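Subject: Structure for your review

Dear colleague,

I am handing over the structure below, together with notes on what was found in it. Please read the notes with the structure open beside them.

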Amino acid sequence: MPKSVARKKTRAEPAARRSAFARADRLNVLPPYLFAAIDRKKRELREKGVDLIDLGIGDPDIPTAPHIVEALKVAAGRPENHRYPAYEGMLSFRAAAASWFKKRFGVDLDPKTEVLSLIGSKEGIGHMVLAFCNPGDVVLATEPGYPVYKIGTIFSGGRMYELPILEENSFLPDLSHIPAGVLRKAKLLFINYPNNPTGAVAPIEFFEEAVAFSRKHRIILCHDAAYTEVVFDGYRSPSALQVPGAKDVTIEFHSLSKTYCMTGWRIGFAVGHPDLVAGLGAIKTNLDSGVFQAVQEAGIAALTGDQSHTAKNNERVGRRRDLLVQALRSAGWRIDPPRATYYLWVRVPGRMSSADCVDRLMSEAGVVCTPGNGFGPSGEGFVRFSLTAPDDRIAEAARRLSKIRIAGPAK
Ligand SMILES: *Cc1c(COP(=O)(O)O)cnc(C)c1O
């Protein structure tokens, strides 16, 4: 606090008054930031001149396709796009999303009531909890997982009940062993397949089970579908809405970020039951004012235009996956190649912790990856490599990783 302010105390002020800049409790109870030590070490190594290859973050290096960039340029020049957008999105964008959805999943959506534009799906996921969770309500979510399910829950005053996803269950949650007391208070269930961080995919039977479970216990099924289009080897990822009756209980979050390499553009959409879409919209109209219309027009170009870029990008990311998998295997790691997402989720060899493994890979190979426990306690013993670095950097990382012998005793 600036001194001039601190001195201006009045007599009425209570002695133990908190600093004026003390953060709200909801920020102080957030889970600890586990990557501070890694950030520090990264800085140190870079200062020493080490050529670090950062496979920590899932943010595509491949540029957005030219026809999408062109659509933005044209749309940015149109004055009608310079004004406030409607919070729910232009009807033309929602119609493009609905027709993409129909083509891709064979499911009909009413663009007026069953589709909502989002400023990226992260925003939608966080606000979804704010829209439907009262203090004391329980939110169920798979763990390890994308941190926003938990953060949205904390911001809403809800309680998180985490569902571990373990290798022996193909990284799917066990919905049959949740205590009855938890189920009574459960309001939302977050699932995410293809999954970040594990790279796991879920068969349609799992979505059937999740829909039946949600209907039975009167829970809102929230499916984070950010990676349905980042797939390899001909795999096709289902939508939860393909399950008959799913729309009665489901909202699904889609993102243009990963599908079209548009993370910086901030655009996605939610689809599902009209009451769920409207509830989320009620939060949005009060807190944000929608997506810049020029970005929505670019989004229309992405959803309705040439889809071959996505296929080509997937082939390219698939080759990176194969390179790294081969390198890790030749260094003695056990790993199954994922069928989707940008991530290799790998069990750390020996009895090393996630943090120690990350540290050693940084020191000995100059390769940065993410400790699995940063995504939840069940991630301990794993590390995550992201495939979103340029091809030559991935190749160099593979060369370095294939040489180091991490499985043996430390040092
Ligand atoms: C990247 C990601 C998102 C959100 O991406 P947006 O850019 O906000 O659309 C959501 N869920 C998961 C699991 C992700 O990895």
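Helices here are DSSP runs of H or I with at least four residues, and strands are runs of E with at least two, both numbered from the N terminus. Please keep in mind throughout that this is a predicted model.

With that numbering, Gly49, which comes just after α3, takes a positive phi of about 90°. Helix α3 itself comprises the 12 residues 36-47, which at 1.5 Å a residue should span 16 Å, and the end C-alpha atoms are 17 Å apart, in agreement with that expectation. Its buried residues are Ile38, Lys41, Lys42 and Leu45, and because they fall within an arc of 105° when seen down the axis of α3, they line one face of the helix. The face turned away from that buried side carries the exposed residues Arg43 and Glu47, while the cover over the buried residues includes β1 (53-54), α14 (354-365), β10 (367-368) and β11 (370-371).

The ligand is surrounded by 13 residues, of which the closest are Ser121, Asp224, Ser255, Ser257 and Lys258. As for polar contacts, a polar side-chain atom of Arg266 lies 2.7 Å from an oxygen atom of the ligand, a polar backbone atom of Lys122 is 2.9 Å from a ligand oxygen, and an N or O atom in the side chain of Lys258 is 3.1 Å from a ligand oxygen. Of the 380 Å² of accessible area that the ligand has on its own, the protein covers 94%, and the elements that give two or more residues to the shell around the ligand are α6 (121-132) and α10 (256-259).

Helix α11 (residues 274-287) has buried residues Leu276, Val277, Gly279, Leu280, Gly281, Ile283 and Lys284, and what covers them includes α6, β2 (115-118), β6 (220-224), β7 (250-255) and β8 (268-272).

Some backbone details in the loops may also deserve your attention. The peptide bond from Glu143 to Pro144 is cis, with omega near 0°, and Pro144 is found in the loop between β3 (138-143) and α7 (148-156); a cis peptide bond also joins Asn196 and Pro197, with omega about 15°. Arg218, in the loop between α9 and β6, has a positive phi near 50° although this residue is not a glycine, and it counts as exposed because its relative accessibility is 74%. Thr341, also not a glycine, has a positive phi near 75°, but it counts as buried because its relative accessibility is 0%.

Best regards

Technical notes: Residues numbered from 1 in each chain as written. Predicted model: local features only at pLDDT ≥ 70, side-chain atom pairs only at ≥ 80, totals over all residues. Heavy atoms only, no water. Expected span 1.5 Å × (residues − 1). Buried < 20%, exposed > 50% of the residue type's maximum accessible area, 1.4 Å probe, protein only. Arc of directions from axis to C-beta. Contact = heavy atoms within 4.5 Å. Near = heavy atom within 4 Å. Polar contact = N/O pair within 3.5 Å; in protein donor to acceptor, adjacent residues only side chain to side chain. Areas by Shrake-Rupley, 256 points an atom, 1.4 Å probe, with all protein chains shown as cover.
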